[in-house]
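Visitor: Got a minute to look at a model with me? I'd like to talk through some side-chain contacts.

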Amino acid sequence: MVAEGNCLARHENRVIFVKGVAPGDVVDVRITKQKKNFWEGTPVRFVSYSPLRVEPFCEHFGVCGGCKWQHISYETQLHYKQKQVKDNLERIGKLALPVIDPIVGSAKTTYYRNKLEYTFSNNAWLTTEQIKSGNAFDRDALGFHIPGRFDKILDIKHCYLQNDPSNGIRLAVNKYAKEHDLEFNDLYKIDGFLRNLIIRTANTGDIMVVLQVYHNDVENISSLLDFLHQAFPQITSLQYVVNNKGNETFHDLDVICFKGEPFIHEEMEGLRFRVGPKSFYQTNSEQAYELYRLTREMAELTGSELVYDLYTGAGTIANFVARHCRSVVGVEYVPSAIEDAQLNSRINNITNTRFFAGDLKDVLTPTFVQEHGSPDVIITDPPRAGMHPEVVARLLEIHPKRIVYVSCNPATQARDLELLAEKYNVTRVQPVDMFPQTHHVENIVALKAKKF
C-alpha cells in the first residue's frame, strides 16, 4: 500500500500504481496511464487473492469510492497508516525520529462520521451490471459523486458512515421528491430544484438537516421540510439555503432556519461546542476527542503558558486547552469560523482566549507577537496543503519552546518539519486514525527547541 490507498507493483523495473487491490493479490493489470517515471493501472483479472483481504460489507464498494479500504482488515489498515506516517517523515522530511507511538485506532470502524453531504442528480451513474442487463433504470439519484466525475452521482441505498436516522432521512427525501415530481439537479446545466442534502448528527443527540435548492420555490420547500419534520421529529435543526451559483458552497449565502434551532451541539470533556450549518467540526467526534487529548498532552502544559493556536477553525483546540494554560491566542483565515470560536468560548465561560481572523502569513507579524505576547507553545493544525513557507519562517523567528503540529496530511507535514528542523528536534510522533476504511491518517508531532 502506498500513496492515496493504491498498491505498488513492479514490472521490468517499472513502478506501477494499481487501484482496487490488496498487497499480495496476484492480478492481470490493464495500464490506464503512462508517465515518465511510473504507470497507473486497474485489475482486469484476479489470479489469486491476498490473505490480507476481508469481505467488503457495503453493496456500493468498488463504485462509490468513499470507503476504498473495506477489502482489507482494520488491523491491516492501521499497519499501513502507521507505515505511511513513518515513510513520509523519513523520506520527505529526512528527519531523525524517535520511536513512533503505535497508531490510535478508532473504536468505531463504521457509522463514525457526524456529517455527510449528498448530491441530487437527474443523471444517475449506472453500474456495469445495470448497463449489461438492458433494463431501464430510474435516473434520478441522491448520493455521492463517482470518483473523478463531477457529472455522475451514485444513488446510495445504505451508507455505513453515519448513524441512523441518516439513511432513513436520505431515503425518505429521495422517495418524497420522486413521488411529488420535484426536479433533481442537472449537473451540466447547473439547474433544477433539488441540489444538495447535508445531514449532521451530534454526540448530544442533536440532528441537523440542511436542504440546498436552486430556486426559492416556497411552496415546494415548505412541503418537503414539513414532511421531514413530521416523519423525523428527532431532527432538532431543519434548515435550507437557496443557491443558484456554479458550485455547492454556501459560506457566502443566507441559511434559513425552517424548524428548531439554527445550530446543534457537540460535547467534549464537559465543553459544549455550537455547530452551525457553516461551521467546521472534526467529522469523527469520538476520535476528535482522542486527537485533541493527545495534542494537549504533547503540548506539556503546566498552566502558566501562553499558547498560540494556528488555523484554529472554530476554536475547538483553543477552547479545549484553555483550562490548562494561562491564555490562548487563536488565528484563522475564515472570519465566520472566528465568530464560532468566540461564541464557543462564551457559552463555556472561557475568558482566557482571544481570536483573530486573517491569513496567517499576514497576521503573524513581529508587531502581532509584540502586542499579544511571545508564545511558550504553538499548536498548528493546517489544512491538507500544510503551512505556507512564510508561516514556517515566522515560527522559526518566534521560536517558542515547543510546537505541536497536527496534520491530516503527513506528506506536507514532513515537508514543513524539514524546514523546522533547523531549530527543532522531533520528540514524539503519534498517528491517529480518524477515518477507518480509508487511506487517510492524522498525525501529531511534538517539537522542542534545540536551544533556548
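Guide: Sure, one term to start with: buried means under 20% relative accessible area, exposed over 50%, and partly exposed in between (1.4 Å probe, protein chains only). This is a predicted model, where local features need pLDDT of at least 70 and side-chain atom pairs count only at pLDDT 80 or more, while totals for chains, interfaces and linings use all residues. Residues are numbered from 1 along each chain as its sequence is written, and side-chain values use heavy atoms, leaving out hydrogens and water.

Visitor: Okay, is Glu 117 buried, exposed or partly exposed?

Guide: Glu 117 is partly exposed, at 37% relative accessibility. Its side chain meets that of Lys 115 in a salt bridge, 3.5 Å from N to O; the term means a side-chain nitrogen of Lys or Arg within 4 Å of a carboxyl oxygen of Asp or Glu. Lys 115 is buried, with a relative accessible area of 18%.

Visitor: How many salt bridges does the structure hold?

Guide: There are 24. One of them pairs Arg 272 with Glu 267, with the closest N and O atoms 2.7 Å apart. Arg 272 is partly exposed at 33%, and so is Glu 267 at 40%.

Visitor: And what about Arg 296 and Glu 269?

Guide: Their side chains form a salt bridge too, 2.8 Å from N to O. Arg 296 counts as buried at 13% relative accessibility, whereas Glu 269 is partly exposed at 33%.

Visitor: Which residues do salt bridges with shared partners join into one network?

Guide: That network holds Asp 101, Glu 290, Arg 293, Glu 297 and Arg 428.
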